Amino acid sequence: DKVNPLVKSRGSELGLRTEIIPNLQTSLALWQLKSDSELLFVGDAGTTEASRPSKRHGIEWSTHYTPYKWLMLDMHLSGSKAHFTDNDATGNLIPGAIDKVASAGITIDKLNNYFGSLQLRYFGSRPLIEDGSQKSKPTTMVNLRGGYQFTPKWKASIDVFNLLNQEASDIDYFYTSQLKNETAPADDIHFHPVEPRHVRFSVLGY
């Protein structure tokens, strides 16, 4: 079906940032975005398609704290709501729109040539179809990194991805499919799993 490649969008944002506390930087922002046509990713086709008009609004909070030159603590929180603005019997939720995202981390840099970080990321549940009857599960991931700077041009590091070995999915879709051994198509959740815990060792020179 033919669609207009350019649609009107209107957005606004109101923010505040402060460094009044020494070594602490924090910012808060309120935002909203209205679009005449929402682009949706179609999992079974692997492409995007133009959809209904939508509205999104939310709040974001970011904080960085450096109590020492070699240590930084950071945290990012965001919450948002997304829905189609026209009325349809199928529902008004936007498939794949995440309502809660959080991340927090500890970073060490140039501590007697040692460096490292511990990072946590959280993605909240999201609707997979417009009426919200099918939802994805939340995803929590923890990654760890450590290393040593031998010379100004050489360093070695070790990364541990998915430190807690969580069984979760990177992304989920809900659509109709049929396997070879199935007699009829079925509606189901299709997902791309996160990789299990794995370790990577690197030596870098530049």
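In the predicted model described here, Glu38 and Arg56 form a salt bridge in which the closest N and O atoms are 2.5 Å apart, a salt bridge being a side-chain nitrogen of Lys or Arg within 4 Å of a carboxyl oxygen of Asp or Glu. This pair links distant parts of the chain, since Glu38 belongs to the loop between strand 2 and strand 3 and Arg56 to strand 5, 18 residues apart; strands are DSSP runs (E, at least two residues), numbered from the N terminus. Glu38 counts as buried at 10% relative accessibility, whereas Arg56, at 24%, counts as partly exposed; buried means under 20% relative accessible area, exposed over 50%, and partly exposed in between (1.4 Å probe, protein chains only). Residues are numbered from 1 along each chain as its sequence is written, and side-chain values use heavy atoms, with hydrogens and water left out. Because the model is predicted, local features need pLDDT of at least 70 and side-chain atom pairs count only at pLDDT 80 or more, while totals for chains, interfaces and linings use all residues.

By the salt-bridge rule, the count comes to 7. One of them joins Arg10 to Asp36, with the closest N and O atoms 3.3 Å apart; as Arg10 lies in strand 1 and Asp36 in the loop between strand 2 and strand 3 (39-42), the pair ties together parts that are 26 residues apart in sequence. Both partners are partly exposed, Arg10 with a relative accessible area of 40% and Asp36 with one of 38%. The side chains of Arg52 and Asp86 also meet in a salt bridge (2.9 Å, N to O), and this pair again links distant parts of the chain, with Arg52 in the loop between strand 4 (47-50) and strand 5 and Asp86 in the loop between strand 6 and strand 7, 34 residues apart. Arg52 counts as buried at 13% relative accessibility, while Asp86, at 26%, counts as partly exposed. In addition, Arg145, Asp159 and Arg200 are linked in a network of salt bridges.

The strands are considered next. An open sheet is formed by 9 strands in the order 1-2-5-6-7-8-9-10-13, with antiparallel pairing; two strands pair if DSSP finds at least two bridges between them. Strand 1 and strand 13 (198-205) are the edge strands, each of which pairs on one side only. Neighbouring strands of this sheet are turned by 10 degrees against each other on average, direction ignored, where axes are lines fitted to C-alpha atoms and angles run from 0 to 180 degrees between N-to-C directions. Within the sheet, strand 5 runs antiparallel to strand 6 (residues 71-84), and 13 bridges join the two; Thr63 has Met75 in strand 6 as its bridge partner. In the edge strand 13 lies Val203, which counts as exposed at 51% relative accessibility. The C-alpha atoms of Val203 and Asp74 are separated by 27 Å, the two residues being 129 residues apart along the chain.

On the surface, Leu14, Leu28, Leu30, Ile59, Trp61 and Leu77 make a nonpolar patch of about 540 Å². Such patches are made of residues with over 30% relative accessible area and no salt bridge, nonpolar side chains (Val, Leu, Ile, Met, Phe, Trp, Tyr) being joined within 5 Å and like charges within 9 Å; the areas come from the Shrake-Rupley method with a 1.4 Å probe, and for residues only the protein chains shown count as cover. The elements that give two or more residues to this patch are strand 2 (24-35) and strand 5 (54-68). Leu14 is found in strand 1 (residues 9-18) and is exposed, with a relative accessible area of 61%.

Aromatic pairs number 4; rings of Phe, Tyr and Trp (its six-membered ring) pair if their centres lie within 6.5 Å, and planes under 30 degrees apart count as stacked, over 60 as edge-to-face and the rest as tilted. Tyr68 and Trp70 form a stacked pair, at 5.4 Å centre to centre and with 5 degrees between the planes. Tyr148 and Phe150 form an edge-to-face pair, at 5.1 Å centre to centre and with 70 degrees between the planes. Ring pairs link Tyr114, Tyr148 and Phe150 into a cluster.

Note on methods:
Helix = DSSP H or I, 4+ residues; strand = E, 2+ residues; numbered from the N terminus.
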